[in-house]
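Welcome to a short tour of a protein model. Have a look at the structure below, and then we will walk through a few of its rings and helices together.

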Amino acid sequence: MTRLNDLPKLEELLQMDPEWLLGAVTSEEASRLTGVPVATLVALRSRGGGPRFLKPAGTRSVRYIRLELYRWLFSGGHLANTAQIAPNAGVVDALLMGGGGDDANVMD
């Protein structure tokens, strides 16, 4: 499993490619970025509760937008222990977008 410290630093990625967060990735790359096994991502797509994904009409391919992966990954907040869990903590919006929890412009 990927540890948080092993993930690329967003500042570095965005300096190299300002639109990196908007790129679409395969399930395998989504697994590498989040540390969640591909089989778990598949199960979450089926039953819900996982990161939002794209499935172009007439294809079997699935893609994830990197920003959505990070939103989902941090949706529970950055916690020291499970006692700190707060639903809809909105941490990703604050970290990545500098704003509140407005999902109106997020792709379903």
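Let us begin with Tyr 70, which counts as buried because its relative accessibility is 4%, under the 20% cut-off. Phe 74 has a relative accessibility of 16%, so Phe 74 counts as buried too. Please keep in mind that this is a predicted model.

How many aromatic pairs are there? The count comes to 3. One of them joins Tyr 70 and Phe 74, whose rings are stacked. Their centres are 6.5 Å apart, with 10 degrees between the planes. Trp 20 comes into the picture as well: ring pairs link Trp 20, Tyr 70 and Phe 74 into a cluster.

Another ring has a charged partner. The charged end of Arg 45 sits over the ring of Phe 53, at 5.9 Å from the ring centre.

Arg 45 also leads us to the helices, since Arg 45 of α3 takes part in the contact with α2. Two packed helices are described by the angle between their axes and the distance between those axes. Here, helix α2 covers residues 27-34 and helix α3 covers residues 38-47. Their axes lie 9 Å apart at an angle of about 110 degrees, and α2 and α3 are therefore roughly perpendicular to each other.

Which residues make this contact? Here they are, helix by helix:

| Helix | Residues in the contact |
|---|---|
| α2 | Ser 27, Glu 28, Ala 30, Ser 31 |
| α3 | Val 38, Leu 41, Arg 45 |

By class, the contact of α2 with α3 brings together 3 nonpolar, 2 polar and 2 charged residues.

Definitions and conventions
Residues are numbered from 1 along each chain as its sequence is written. This is a predicted model: local features need pLDDT of at least 70, side-chain atom pairs count only at pLDDT 80 or more; totals for chains, interfaces and linings use all residues. Side-chain values use heavy atoms; hydrogens and water are left out. Rings of Phe, Tyr and Trp (its six-membered ring) pair if their centres lie within 6.5 Å; planes under 30 degrees apart count as stacked, over 60 as edge-to-face and the rest as tilted. Buried means under 20% relative accessible area, exposed over 50%, partly exposed in between (1.4 Å probe, protein chains only). A charge sits over a ring if NZ of Lys or CZ of Arg is within 6 Å of the ring centre and within 35 degrees of the ring normal. Axes are lines fitted to C-alpha atoms, for helices over the stretch in contact, and angles run from 0 to 180 degrees between N-to-C directions. Helices (H or I, at least four residues) and strands (E, at least two) are DSSP runs, numbered from the N terminus. Angles under 35 degrees count as roughly parallel, over 145 as roughly antiparallel, 65 to 115 as roughly perpendicular and the rest as oblique. Contact means heavy atoms within 4.5 Å. Ala, Val, Leu, Ile, Met, Phe, Trp, Tyr, Cys and Pro count as nonpolar, Asp, Glu, Lys and Arg as charged, and the others, Gly among them, as polar.
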